[in-house]
Structure formats: C-alpha cells, structure tokens
Amino acid sequence: MITPSGPAAHAVDLVKRYGDRIAVDHLTFEIAPGQCFGLLGPNGAGKSTTMRMLCCLTSRDGGALSVLGLDPETHPRQLKQRLGVVAQDINLDLELTVRENLLVYARYFGIPRAAAHARADELLAFVQLTDRAEDAVERLSGGMQRRLQIARALINDPELVLLDEPTTGLDPQARRVVWERLRELRERGVTLILSTHYMDEAEQLCDRIVIVDEGHIIRDGTPQDLIRNEVGREILALRVDSMLRDHILGQVPPESILDDAEGRLELACENAEVLHESLRAAGVTAELIGVRRASLEDVFLRITGRRLRDD
Ligand code: ADP
C-alpha cells in the first residue's frame, strides 16, 4: 500500500445542487491519511452526496476536491483503482457464491486469476466467512452480507475506504464484528471515511468527526473534544414537576439544560454528584433518575436539535 504524502482527501468550498436545492453547501475539510473520519448529520444533511463526490459517483457543481491527490472528476479510473467503497445498500450478486462475488470484482480491477484467488481467501478469513465461501450470498444473514461487502471493497488493497452507514440494520453482535474489522484496517494505515447514524459507532471508531446539517459543516473535532466542548462530562437526570422545574431552571445556567420534556430534566455538568448536592442545598429535592457520562449522542442532539428529519 502506498501512503499518500499529502492529505487523503481535501475539499475546498465543495458544492452540489439538485435543481434549486443545495445538497452540499461550500464544504471545506481535510482528511489526514490513516485517519478514521466520521461524517455525521441528520437525514438530508448531505452526507451521501459528499461520499458520492469523493468516490467519483457524482460530479460537483463548485469548489475543488482532491482524493489521494487526484481529482475524482478528471481521474476517476486511476482513483477507483485505489479506493474501496461500501455502499449503503447491499449491492452484492445474490445468486453467486460468496467467493464468486469477490472473484468477479477482482476481474473488474484486472487482478490476475491466481492472485485473485489468494486475495479472496485472505479476505474471507479477514471477515470470518471462510466456511461460507461456497454458499450463495442470498443464504447469508444481513451481518454476513455486510462483511462480504467490506471484503469486496478491499479486493484491490485500497488506500482509502468509504463506508456509507456500514452497520445500519445489523444486530449488536454483527455491528461489533464490523467495528473490529474497521479498527484493524485503521491499524494497518488504511484511511476510512465513515458515515453513520449511530453515535456510539462514531465515538468508538472515529479519530475525527465532522457534523453536517443542511449541507454545512456545523462542528469539527475529535469525539472527546466535541463532547467536552459542547456538553461537558456528566449528565444528571431528574424527575421534576413544573414547580421544581422552574426552581431548578432558576439555579442553573441555561446552557446546561440538555433535555426538558415530560417531567424529566437532563442537566449537563462536570460532576453530577456535586450539582445534585448543590441543588439539594438550595432546597431542590427532585427525584434522581440517574447519572451518566456525556456522549456524542448528546452533542448531536444538542446541535442538530430534537425535531424529526424525514427529509
Ligand atoms: P444524507 O446522506 O445526509 O441523508 P443526502 O446527501 O442523501 O443526505 O441528501 C442531501 C439533500 O440532497 C437532500 O435534501 C436530498 O433530498 C437531496 N438529494 C440527494 N440526492 C438527490 C438526487 N439524486 N436528486 C435530487 N435530490 C437529491
């Protein structure tokens, strides 16, 4: 694998329009090689469109884009040789066997037959599908199909792998197997660009996260920095009636209120025990629901809001 000397991807003022709707609105970002870069945002934020521009599937309407030092628009063939793409939908050939799916894809990259067989064996072991190699893909579970899709994206030993919601619809065990494989790829120095709706996934896997909304970048940072800067360290959840609620709201800074609905108040703070104690000392005796660590999900809800985005 060749490690690019410059950024793995670099976008400056990237724009994509569909009619008069702007899907990607002057995005600027740089992705360091070897990083797991998370692209997060509510439905319709422009994540898939950005991914599609990065992997030569959609043209852009403005700005500059370089992926592994190449412009996806002018050098799609050269770039595709060095990229792996795991699409959101399962797009395997369901009637072919697991191994055949890999071999067909290897042909597409011009990999000689013997090398393709060796590579397929290696990748089947990597995604723990060796014993299913001769089964038709339609007989595999969703988790296995997703692992095969990842294996297929690696057939050309890519330097950069783009994964659009790679664990959507998988059960917790299957998600964890995918995570392990992605961690291993990252350890090998492969750059990963991941879009996901699962905040725990992004928190666990990503070195850096960009949150987009309505085509704009609204936050950019490491998961830890985003959590600390946007929320804090802990969340104190209290059961309150309207009088208690008003009393508490008079005692705490407004930015600490994370959620305030249906008799439940969530307060972001550095130390929940200290806050709870100080509220008690001020005469507020609300029932404790619980204390938890602040998470990326809290960041996401705080900055993108709680209203449904059905796009
Ligand atoms: P996300 O992946 O964050 O959910 P998308 O990139 O799919 O967002 O979509 C961004 C916006 O562009 C949305 O408003 C969506 O409806 C619109 N859009 C995406 N693809 C198309 C398309 N092929 N034709 C028209 N509008 C599109």
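A residue is taken as buried when its relative accessible area is under 20%, and by this criterion 50% of the 311 residues of the protein chain count as buried. The model examined here is a predicted one. Its secondary structure comes to 11 helices and 13 strands, and the C-alpha trace of the chain spans about 75 × 45 × 35 Å along its principal axes. Among the contacts in the chain with a separation of 6 or more, 71% are accounted for by residues 24 or more positions apart.

The packing of helix 3 was considered against two partners, helix 4 and helix 5. Two packed helices are described by the angle between their axes and the distance between the axes. For helix 3 (residues 98-108) and helix 4 (residues 113-126), the angle is about 130° and the axes lie 9 Å apart; angles that are neither under 35 degrees, nor over 145, nor from 65 to 115 count as oblique, and helix 3 and helix 4 are therefore oblique to each other. Their crossing is right-handed, and the residues that meet there are Val98, Arg99, Leu102, Leu103 and Ala106 on the side of helix 3, with Ala116, His117, Ala120, Asp121 and Leu124 on the side of helix 4.

Helix 3 also packs with helix 5 (residues 142-153), at an angle of about 25° and with the axes 9 Å apart, which makes helix 3 roughly parallel to helix 5. The crossing of helix 3 and helix 5 is again right-handed. Here Val98, Asn101, Leu102 and Tyr105 of helix 3 meet Leu148, Ala151 and Arg152 of helix 5. Val98 and Leu102 thus appear in the contacts of helix 3 with helix 4 and also in those with helix 5.

Two residues of helix 6 were examined individually. Arg175 has its place in this helix, which comprises residues 172-187, and counts as buried because its relative accessibility is 12%, where the cut-off is 20%. When residues up to four places away in sequence are not counted, Arg175 touches Thr167, Leu170, Tyr198, Asp200 and Glu201. Val177, likewise found in helix 6, has a relative accessibility of 17% and therefore also counts as buried. Leaving aside neighbours within four places in sequence, Val177 is in contact with Gln128 and Arg147; the C-alpha atoms of Val177 and Arg147 are 8.4 Å apart in space, although the two residues are 30 residues apart in sequence.

In helix 10 (residues 272-281), the buried residues include Ala272, Leu275, His276 and Leu279. These residues cover an arc of only 100° around the axis, which puts them on the same side of helix 10. The elements that cover the buried residues of this helix include strand 10 (234-239), helix 9 (242-249), strand 12 (264-269) and strand 13 (287-293), whereas the face turned away from the buried side carries the exposed residues Glu273, Val274 and Ala281. At the start of helix 10, a side-chain oxygen of Asn271 reaches to within 3.0 Å of the backbone nitrogen of Glu273, a residue that belongs to the exposed set on the face turned away from the buried side. Beyond the other end, helix 10 is followed by Gly283, whose phi is positive, near 90°.

Key. Residues are numbered from 1 along each chain as its sequence is written. This is a predicted model: local features need pLDDT of at least 70, side-chain atom pairs count only at pLDDT 80 or more; totals for chains, interfaces and linings use all residues. Side-chain values use heavy atoms; hydrogens and water are left out. Buried means under 20% relative accessible area, exposed over 50%, partly exposed in between (1.4 Å probe, protein chains only). Helices (H or I, at least four residues) and strands (E, at least two) are DSSP runs, numbered from the N terminus. The arc is that of the directions from the helix axis to the C-beta atoms. Contact means heavy atoms within 4.5 Å. A polar contact is a pair of N or O atoms within 3.5 Å; within protein, one must be able to donate a hydrogen and the other to accept it, and residues adjacent in sequence count only if both atoms are side-chain atoms. Axes are lines fitted to C-alpha atoms, for helices over the stretch in contact, and angles run from 0 to 180 degrees between N-to-C directions. A crossing is left-handed if the near helix is turned anticlockwise from the far one by less than a right angle, and right-handed if clockwise.
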